[in-house]
Amino acid sequence: MDLFAQTQKYHQAGDFEQALAGYQALLADDLDNPQFSYLLALLFFEKGRRDEAAHWFTRVVTLAPEAAPAHYNLGIIFFEQGDYPKAAQAYEEAAKLCPEDADIFFNLALTRKKLGQFDKAFSCYQKVLALTPDAEDVLYNLGVLCKDLHHHADSIWFFEKVVKNNPDHTQALNNLGYLYHMEREVDKAIATYQKLITLDYNATMAGHMLAALTGQTTATAPEGYIRTVFDSFSEHYEESLVDKLGYTVPAQLRAMLTGKNSHRFPTTLDMGCGTGLSGEAFQDLTEKLIGLDLSPKMLEVAGKKGLYDSLHETDICSFLRENKASFDLILAADVFIYIGDLSEIFTLVKKRAAVGGLFLFSTELAAQDFCLKPMGRYGHAEYYIRGLAQESGFSVLKVTAASIRKEKEEWIAGNLYLLRA
Ligand SMILES: C[S@@+](CC[C@H](N)C(=O)[O-])C[C@H]1O[C@@H](n2cnc3c(N)ncnc32)[C@H](O)[C@@H]1O
């Protein structure tokens, strides 16, 4: 058997060392042979040695620019390495050589999306769909792409096609539940959440939303739901809430302290601190700033700002029960929209508040004590908050009507409260 045949045998048998030695010997005799370079590149690629694989695939495309698989594999390597411009270029070359290869266009679409080139990603997926009609992963990815672009009607169309062919496609159903809900297609949203519960997929979220849409008021949103929502939202939270939805509650809460600005609080507790927007608004008013939140990803963003003396991944009640320190200012900006029954929190906050300590927070409005509203957030009536304040030993210093954030271009009405222990 000649050396080439023997080396290929080693390669196929998974004998890396022998195959490597064989290809190196072959290349020593014939350095410009693109086939030997390609096979050596493939050997490194399969072994996970991506840099060496990239080197040899690059050599192949230099020697033989028509070698589509080498361009394609370079695309895979650059994508894995996060070098999306080079990955796009490599896939483009492969696509020129193989215009009927759906895999190339699929990967090119993923790369274009990473580059933020959504229109180009969309055309690539369309191309794949033309080559492989009804391909589930393409329809699904097109749904996700349209959802990211807030083209809800198109997104629903693609996800519905996925579900038509595969009624138990949990991720498509999960997206459909959200989209129907956002688009106020209540019956469809309810049916989809019910189906998710039956399939036991994201059932905590589905159960919470089902309660919200069917007018049942629960005591609080489930912890798992809060964590999932905010973990997935953390990267875009500020851009989406502040830039798009006009959220300024931390600054509005701070303005409630007008006249007290010269006073610096020894210790402030920011409950449900999220990415630290309240920390930014109150940092110059406090000596020591402690933050807590259920979502580790939100805390990660807050931590990077370097504003907090300590951050705690916990829920509000557990922290207040277990921590014996006292606080001079206690904040909860846009957090009680995830907690209906606030009686325990008020009792615990009172225990942890220093004498004369301030409790500053926002709520959305409700007509009764508290209610879970159709979009899955809680509102609280002013009389309910005043009642809790009185029962737990706070005096109400100020209540101000506020615009909390926009929803479908309408302002959500709320109240800001300043209480003193
Ligand atoms: C809308 S964000 C507000 C974040 C921040 N306060 C701000 O003004 O940007 C609500 C935050 O409250 C947190 N949260 C909700 N319920 C909580 C609970 N029971 N315990 C701790 N954190 C909670 C969420 O994880 C989320 O980060």
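**Figure 1. Where domain 1 meets domain 2.** In this predicted model, six residues of domain 1 are in contact with five residues of domain 2. On the side of domain 1 that touches domain 2, four residues are nonpolar and two are polar, with no charged residues. To find your way around, domain 1 covers residues 143-216, and domain 2 takes in residues 229-420. The centres of the two domains, taken over C-alpha atoms, are separated by 30 Å.

**Figure 2. The shell around the ligand.** Here we turn to the residues that surround the ligand, 21 in number. The closest are Gly272, Gly274, Leu277, Asp315 and Ala333. Which helices and strand each supply at least two residues of this shell? They are the helices α14 (223-233), α16 (249-255) and α17 (277-282), together with the strand β2 (286-293). Sorted by class, the shell has 14 nonpolar residues, four polar ones and three charged ones.

**Figure 3. Helix α3 packed against helix α4.** Helix α3 spans residues 34-46 and helix α4 spans residues 50-63. Their axes come within 8 Å and cross at roughly 155°. Angles over 145 degrees count as roughly antiparallel, and α3 and α4 are therefore roughly antiparallel to each other. The crossing of α3 past α4 is left-handed. From α3, the contact draws on Pro34, Ser37, Tyr38, Leu40, Ala41, Phe44 and Phe45. Facing them from α4 are Glu52, Ala53, Trp56, Phe57, Arg59, Val60 and Leu63. If you look at the classes, this contact has eleven nonpolar residues, one polar residue and two charged residues.

**Figure 4. Helix α9 packed against helix α11.** Our last close-up shows helix α9 (residues 136-148) with helix α11 (residues 170-182). The two helices pack at an angle of about 30°, and their axes are 11 Å apart. Angles under 35 degrees count as roughly parallel, so α9 is roughly parallel to α11. Is the crossing of α9 and α11 left-handed or right-handed? The crossing is left-handed. Look for Tyr140, Gly143 and Lys147 on the α9 side of the contact; on the α11 side, their partners are Gln171, Ala172, Asn175 and Leu179. The contact of α9 with α11 divides into three nonpolar residues, three polar residues and one charged residue.

How values were computed
Residues are numbered from 1 along each chain as its sequence is written. This is a predicted model: local features need pLDDT of at least 70, side-chain atom pairs count only at pLDDT 80 or more; totals for chains, interfaces and linings use all residues. Domain bounds come from an automatic or database domain assignment. Two residues are in contact if their C-beta atoms, placed from the backbone, lie within 7 Å. Ala, Val, Leu, Ile, Met, Phe, Trp, Tyr, Cys and Pro count as nonpolar, Asp, Glu, Lys and Arg as charged, and the others, Gly among them, as polar. A residue is near a molecule or strand if its C-beta atom, placed from the backbone, lies within 6 Å of it. Helices (H or I, at least four residues) and strands (E, at least two) are DSSP runs, numbered from the N terminus. Axes are lines fitted to C-alpha atoms, for helices over the stretch in contact, and angles run from 0 to 180 degrees between N-to-C directions. Angles under 35 degrees count as roughly parallel, over 145 as roughly antiparallel, 65 to 115 as roughly perpendicular and the rest as oblique. A crossing is left-handed if the near helix is turned anticlockwise from the far one by less than a right angle, and right-handed if clockwise.
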